[in-house]
Amino acid sequence: MKLVSQRIVPAAVAASLAASMLLAGCSTSQPEAGADAGAPQAEAGQASQAGAVTFTDETGAEVTVDNPQRVVACMGSFASMWELAGGTLVGASDDAFTLSDYDLKSDNVQKVGDFSSPNLEAIIALEPDFVIMTSGSGGRGGDSSQADLKAALAASNIPVACFQVTTFADYERMLRTCCDITGRDDLYEQNAQATADRIAAITAKVPAGEAPTALVLTTFSGGTRVQASSTMTGSMLAELGAKNLADENPSLLKDFSLESIIEMNPDFIFVVPMGNDDAAAMKALEDQTAANPAWSTLDAVQNGRYVTLDPHLFQYKPNERWDESYQVLFDALYA
């Protein structure tokens, strides 16, 4: 669902803006009512006064926030994204601390439980003026109950927004909303637009006429799953010109079948370890695959195109580093 954000302005200011836009054609930025037109604008890197912002979140709910200062993020990547937008945090889910790549900058951030089951009491105790949650229901092989907490927080008059980020486009939309709230357009340019430009430069180099076949496996201690092109890694592979064989064999998405994989014989096999124990995840995959002598007959295995991917770039959202994920896949496919 597309996130749409807007600044809330008084009717008189809105009328003035409309008239100015008709005259100026392409300009939508005006000084605040009563401001000195000759006063210098805020320098880049300084927070502006964004005022109240209304947007529609992933659940279809309309959310209004006004310069929130006590923000809780119930997913590590969302905590990082809020800081990338210039915001500060008072609370975050445990994975924001255990994944060193996020490296939170806010002082004295409190833990509010695992993202799959945030602690409602811990969140409310922080007296937040904005809570960021995920509307997704999966992750690390389990389910998230965050959506179930939204009503309880709303009953306490705490603004809550639910987002879901699977692709880079999702990240761009969410960061756009966060930067609208903080008033930091400069940080959107730095952490989204610049990343998009780098991704465009990578996808522009995809050789015409080539369509290598691929499968993406996620493995955890309890088993192995196959990813379609609608997933994070699957969508990047599609943008890079690869043909995901799972799209033509949807039964694989429900039941992992080594026999089917051997029959399809993909050019590339990408593996993303999931869960808290990468070694256990890879051991489970080996038990399902390499233990079968037929596994070694696959072209991907014989040609060194069986690639293990870094979970920090292909499971947890890489945020402003998303272009690095694209580069890893491009190099594997075409280098």
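Which residue follows H6, and what is the sign of its phi? Helix H6 is followed by Gly 183, whose phi is positive, near 75 degrees. The legends below describe close-up views of a predicted model.

**Figure 1. Overview of the chain.** The predicted model contains 13 helices and 13 strands. Of the 335 residues in the chain, 45% are buried. Among contacts with a separation of 6 or more, 67% join residues that are 24 or more positions apart.

**Figure 2. Helix H6 and its burial.** Helix H6 spans residues 168-182 and has 15 residues. From its first C-alpha to its last, H6 reaches 21 Å, close to the 21 Å expected at 1.5 Å a residue. Because 12 of its 15 residues are buried, H6 is largely enclosed by the rest of the structure. The buried residues include the aromatic pair Phe 168 and Tyr 171, as well as the neighbours Cys 178 and Cys 179. Asp 170, Glu 172 and Asp 180 of H6 are also buried, as are Met 174, Leu 175, Thr 177, Ile 181 and Thr 182. After the helix comes Gly 183, with its positive phi near 75 degrees.

**Figure 3. Packing of helix H2 against helix H6.** The axes of H2 (residues 76-84) and H6 come within 9 Å and cross at roughly 50 degrees. That angle makes H2 oblique to H6. The crossing of the two helices is right-handed. H2 contributes Phe 78, Met 81, Trp 82 and Leu 84 to the contact, while H6 contributes Tyr 171, Met 174, Leu 175, Cys 178, Ile 181 and Thr 182. By class, the residues of this contact are nine nonpolar, one polar and no charged.

**Figure 4. Packing of helix H6 against helix H7.** H7 covers residues 185-203, and its axis comes within 9 Å of the axis of H6. The two axes cross at roughly 165 degrees, and H6 and H7 are therefore roughly antiparallel to each other. Here H6 passes H7 in a left-handed crossing. On the H6 side, the contact involves Phe 168, Tyr 171, Glu 172, Leu 175, Arg 176, Cys 179 and Asp 180. These residues meet Asp 185, Leu 187, Tyr 188, Asn 191, Ala 192, Thr 195, Ala 196 and Ile 199 of H7. The contact of H6 with H7 has nine nonpolar, two polar and four charged residues.

**Figure 5. Helix H8 and its surroundings.** H8 is mostly covered, with six of its eight residues buried. The buried residues are Met 232, Thr 233, Gly 234, Ser 235, Met 236 and Leu 237. Their cover includes four strands, E9 (213-220), E10 (223-227), E11 (243-244) and E12 (268-273). Helices H12 and H13 are also among the elements that cover the buried residues of H8.

**Figure 6. Packing of helix H8 against helix H13.** The axes of H8 (residues 232-239) and H13 (residues 322-334) come within 10 Å and cross at roughly 60 degrees. H8 and H13 are therefore oblique to each other, and their crossing is right-handed. In H8, the residues in contact are Met 232, Thr 233, Met 236, Leu 237 and Glu 239; in H13, they are Trp 322, Ser 325, Tyr 326, Leu 329 and Leu 333. This contact comprises seven nonpolar, two polar and one charged residue.

**Figure 7. Surroundings of Ser 325 in helix H13.** Ser 325 lies in H13 and counts as buried because its relative accessibility is 0%. Beyond its neighbours within four places in sequence, Ser 325 is in contact with Met 236, Leu 313, Phe 314 and Pro 318.

**Figure 8. The loop between helices H12 and H13.** Tyr 316 is placed in the loop between H12 (311-314) and H13. With 15% relative accessibility, Tyr 316 counts as buried. Tyr 316 and Asp 95 are 221 residues apart in sequence, yet their C-alpha atoms are 9.6 Å apart in space. Asn 319 lies in the loop between H12 and H13 and has a positive phi of about 55 degrees although it is not a glycine. At 1% relative accessibility, Asn 319 counts as buried.

**Figure 9. Asn 265 in the loop before strand E12.** Asn 265 lies in the loop between helix H9 (258-264) and E12. Its phi is near 50 degrees, a positive value in a residue other than glycine. Asn 265 is partly exposed, with a relative accessible area of 25%.

Definitions and conventions. Residues are numbered from 1 along each chain as its sequence is written. This is a predicted model: local features need pLDDT of at least 70, side-chain atom pairs count only at pLDDT 80 or more; totals for chains, interfaces and linings use all residues. Side-chain values use heavy atoms; hydrogens and water are left out. Axes are lines fitted to C-alpha atoms, for helices over the stretch in contact, and angles run from 0 to 180 degrees between N-to-C directions. Angles under 35 degrees count as roughly parallel, over 145 as roughly antiparallel, 65 to 115 as roughly perpendicular and the rest as oblique. A crossing is left-handed if the near helix is turned anticlockwise from the far one by less than a right angle, and right-handed if clockwise. Contact means heavy atoms within 4.5 Å. Ala, Val, Leu, Ile, Met, Phe, Trp, Tyr, Cys and Pro count as nonpolar, Asp, Glu, Lys and Arg as charged, and the others, Gly among them, as polar. The expected span of a helix is 1.5 Å times one less than its number of residues. Buried means under 20% relative accessible area, exposed over 50%, partly exposed in between (1.4 Å probe, protein chains only).
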